[in-house]
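Hi,

Here is the structure I promised to pass on. Have a look at it first, and my notes follow underneath.

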Amino acid sequence: MVERIVCQDVERTFTGDGVETKAVDQVNLEFIAGEFVSIIGPSGSGKSTLLSLIGTLDQPTAGTILYDDQEVMKFSKRKIADFRFEEIGFVFQQFHLLPTLTALENVLTPLFARKVDYNKRERAEEVLTQVGLVDKFDSLPSQLSGGQQQRVAIARAIVHKPSWLLADEPTGNLDTEAGENIFSLLKQLNKEEGCGVIFVTHDPALAKRADRIIEMRDGKILSDSKVELIAKA
């Protein structure tokens, strides 16, 4: 289990048509296991890019990200993939469910090519029950509401028991009630499972219900504050 993630002078630069854009610019952050952290900022502020870097889906142009003092991006591609499977779960704004697979089969997809020390089907049924879909095991995505599809996506993200859950605008495509339900579910998983949650959002009301808020603009960190301190200000 990764107890600590540290970003040291992290940058990510994209080049297109001869123009360089720093999506992430000199970011220094630390995340501790069990935290629920919100990252907020306008579109184009670098939130999603930073989340991809933390999740090892992308590599910094400069700087270092340490996972319990390990520089994982120096590992081989296979070892990086193994690390990602063992430690990190992803939830995105788009559900990315396979349309021809049932909810149960979608949740099982991360486990198909993996050796684990538990019964895969029983684990998938367990997490679908945990997210409130005990009666939807055999439903196709087209038979589910947007909120239910996002619950399937969350079940898929936690089926392999990750230490960290990275959520990129998971309520962005949902109505207010469904978005509230998804946020509450992530809070519940954070509390009950002990997994750290890094939650990217445009919604300041949701962000304020995290343990900590990080605000970004133009790739930089504007503020990093405990919610309790904000409430007292």
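Before the notes, a word on naming: helices (H or I, at least four residues) and strands (E, at least two) are DSSP runs, numbered from the N terminus. Please keep in mind that this is a predicted model, where local features need pLDDT of at least 70, side-chain atom pairs count only at pLDDT 80 or more, and totals for chains, interfaces and linings use all residues. Residues are numbered from 1 along each chain as its sequence is written, and side-chain values use heavy atoms, with hydrogens and water left out.

**Cavity**

I'll start with the enclosed space. On a 1 Å grid over the protein atoms alone, a cavity is a set of points where a 1.4 Å probe fits but cannot get out, while a pocket is an open set with protein on both sides within 12 Å along at least five of seven lines; lining residues have an atom within 4 Å of a point. Grid points are joined across faces, edges and corners, and a volume is the space filled by probe spheres set on the points.

Searching the whole structure turns up one cavity of 30 Å³ or more, with a volume of about 40 Å³. Its lining is made of S48, L51, S52, L57, F90, F92 and D168. Two elements, α1 (47–54) and β5 (88–92), give two or more residues each to that lining, and α1 has the largest share, three residues. For the classes, Ala, Val, Leu, Ile, Met, Phe, Trp, Tyr, Cys and Pro count as nonpolar, Asp, Glu, Lys and Arg as charged, and the others, Gly among them, as polar. On that basis the cavity lining has four nonpolar, two polar and one charged residues.

**Pockets**

The largest pocket holds about 270 Å³ of space. It is lined by 13 residues, and R84, I88, F90, P110 and H160 lie nearest its centre. The elements giving two or more residues to this lining are α2 (77–87), β5 and α5. By class, there are eight nonpolar, two polar and three charged residues. F90 therefore turns up in your view twice, as it lines the largest cavity and the largest pocket.The second largest pocket has a volume of about 160 Å³. Of its 13 lining residues, T171, T176, G179, D203 and L206 are the closest to its centre. Both α6 and α7 supply at least two residues of the lining, and α6 gives the most, with three. This lining divides into three nonpolar, six polar and four charged residues.

**Helix α6**

How does the length of α6 work out? The expected span of a helix is 1.5 Å times one less than its number of residues. For the 18 residues of α6 (residues 176–193) that gives 26 Å, and the end C-alpha atoms are 25 Å apart, which agrees.

For burial, buried means under 20% relative accessible area, exposed over 50%, and partly exposed in between (1.4 Å probe, protein chains only). In α6, the buried residues are A178, G179, I182, F183, L185, L186, L189 and N190. They cover an arc of only 155° around the axis, so they sit on the same side of α6; the arc is that of the directions from the helix axis to the C-beta atoms. An α-helix has 3.6 residues a turn, so residues three or four places apart point the same way. T176, E177, K191 and E192, on the other side of α6, are exposed.

Contact here means heavy atoms within 4.5 Å. The cover over the buried residues of α6 includes β3 (36–40), α4 (120–130), α5 (146–158), β6 (164–168), β7 (196–200) and α7 (204–207).

**Helix α4 and R123**

In α4, R123, A124, V127, L128 and Q130 are buried. Their arc around the axis is only 160°, which puts them on the same side of α4. Among the elements covering them are α3 (103–108), α5 and α6.

R123 is worth a click: this arginine is buried, with a relative accessible area of 7%. Leaving out residues up to four places away in sequence, R123 touches Y118, I158, V159 and K161.

**Two backbone oddities**

K161 has a positive phi of about 60° although it is not a glycine. K161 lies in the loop between α5 and β6 and counts as partly exposed, at 46% relative accessibility. D68 is not a glycine either, and has a positive phi of about 50°. You'll find D68 in the loop between β4 (62–67) and α2, partly exposed with a relative accessible area of 30%.

Cheers
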